[in-house]
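Reader: I've just opened this one and would like a guided tour. Start wherever you like and keep it casual.

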Amino acid sequence: MLLRQIAATVLVLILLGLSALTLAAQSPGGTYLPAVMREGRVQTPTPQLTPTAAPTNTGLPTSTPTATASPSPTRCNTSVQMVQNPSFETDWEPWATTDGEVFRVTCSMDGLYGLGFGGDNGEFERVTQELSASVPEWAETGAVYFSWLMASEDVTTYPYDGFSLQLWGKSQEGDTNVLHSEVYNTDNRAAWYTTRLAIPSAPALRGRPLRLALVAATDDSYPTWWCIDNVRVVFACGDQVP
Ligand SMILES: [Ca+2]
Ligand SMILES: [Ca+2]
């Protein structure tokens, strides 16, 4: 009898366990889904994300080739000196005296000759050169040079006498002064010096013709004399900076 009761109890327990497992596998709505199908439904949203990311990559190659191609063909790296007969060694041409009397003298920074300005009281002298070529279209920087030697009987404290180099941009509306550099009786004497002046905004002068003027003026007492040589106007681009 005891064995039968034990066997019946075990049978009841097995039946109760099976019914509990069946209830646990059912969804709340009552429909039962196998584990494999549930896994399949979970995985379906992830593939939809990959196509949306792909079009953003296609835009990148179109921008990178244009950035690498543009700098190499337009590279500019040269310079030009625009003044003819800059050291006054081949007579006067194409310089011209437009005021006063200026002498080509054996006083020079380079070669044998330079131009002598002043030397007397009450003088006004001017020598000019129309530069034969216009400012090149590739000009990015520019500078003017000239060498000078000065002797003076005037004071060293006040600028009574002066020499000036002037660069003019020519146009139909009228010439405009690009720069001027002056040497007064107050500056250093009895030795050669070379002045360099950077041309402001050289690209704005592209295509324009230029005129160079060397001008000296002395007052009524204690004269000053200047020897001028090696006058240059240089334009450059790229790594070349005059
Ligand atoms: Ca010379
Ligand atoms: Ca003077």
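Reader: How many bridges join strand 2 to strand 5?
Author: Strands here are DSSP runs of E at least two residues long, helices are runs of H or I of at least four, and both are numbered from the N terminus. Two strands pair if DSSP finds at least two bridges between them. Thr-97 has Val-127 in strand 5 as its bridge partner. Strands 2 and 5 run antiparallel, and the bridges joining them number three.

Reader: What share of the residues score a pLDDT of at least 70?
Author: This is a predicted model, so local features need pLDDT (the predictor's confidence in each residue, from 0 to 100) of at least 70, side-chain atom pairs count only at 80 or more, and totals for chains, interfaces and linings use all residues. Residues are numbered from 1 along each chain as its sequence is written, while chains are lettered from A and ligands numbered from 1 in the order in which they are written. The protein averages a pLDDT of 82, and the share scoring at least 70 is 69%.

Reader: Over which residues is the pLDDT below 50?
Author: Look for a stretch that, beyond near neighbours in sequence, has five contacts in the model. A contact here is two residues with C-beta atoms, placed from the backbone, within 7 Å. The stretch with pLDDT below 50 is residues 15-42.

Reader: In what order do the five strands of the open sheet sit?
Author: The pairing throughout is antiparallel. At the edges are strand 2 (96-99) and strand 8 (176-184), each pairing on one side only. Further in, seven bridges join strand 5 to strand 10, and eight join strand 7 to strand 8. That gives the order 2-5-10-7-8.

Reader: Which residues of strand 5 lie on its covered face?
Author: In a regular strand, side chains alternate between the two faces of the sheet. The uncovered face of strand 5 (124-130) holds Phe-124, Arg-126, Thr-128 and Glu-130. Gln-129 stands opposite Leu-212 in strand 10. The covered face has Glu-125, Val-127 and Gln-129.

Reader: Which element gives the most to the largest nonpolar core?
Author: A nonpolar core is a set of buried Ala, Val, Leu, Ile, Met, Phe, Trp, Tyr and Cys residues joined through C-beta atoms within 7 Å. The largest has 40 residues, and Trp-148, Trp-226, Ile-228 and Val-233 have the most contacts inside it. Strands 4, 6, 7, 8, 10 and 11 are the elements giving it two or more residues. With nine residues, the top contributor is strand 11.

Reader: Is Met-109 buried, partly exposed or exposed?
Author: Met-109 sits in the loop between strand 3 and strand 4, and among its contacts are Trp-192 and Asn-230. A residue is buried with 20 or more other C-beta atoms within 10 Å of its own, exposed with 12 or fewer, and partly exposed in between, the C-beta atoms being placed from the backbone. Met-109 has 17 such neighbours, so the verdict is partly exposed.

Reader: What is the phi of Asn-230 near?
Author: Asn-230 is found in strand 11. Asn-230 is buried because 20 other C-beta atoms lie within 10 Å. Its phi is positive, in a residue other than glycine, and is near 55°.

Reader: Which peptide bond is cis, with omega near 0°?
Author: Check the loop between strand 1 and strand 2, where Pro-94 is placed. The cis bond runs from Glu-93 to Pro-94.

Key:
Lists of a residue's contacts leave out its neighbours within four places in sequence.
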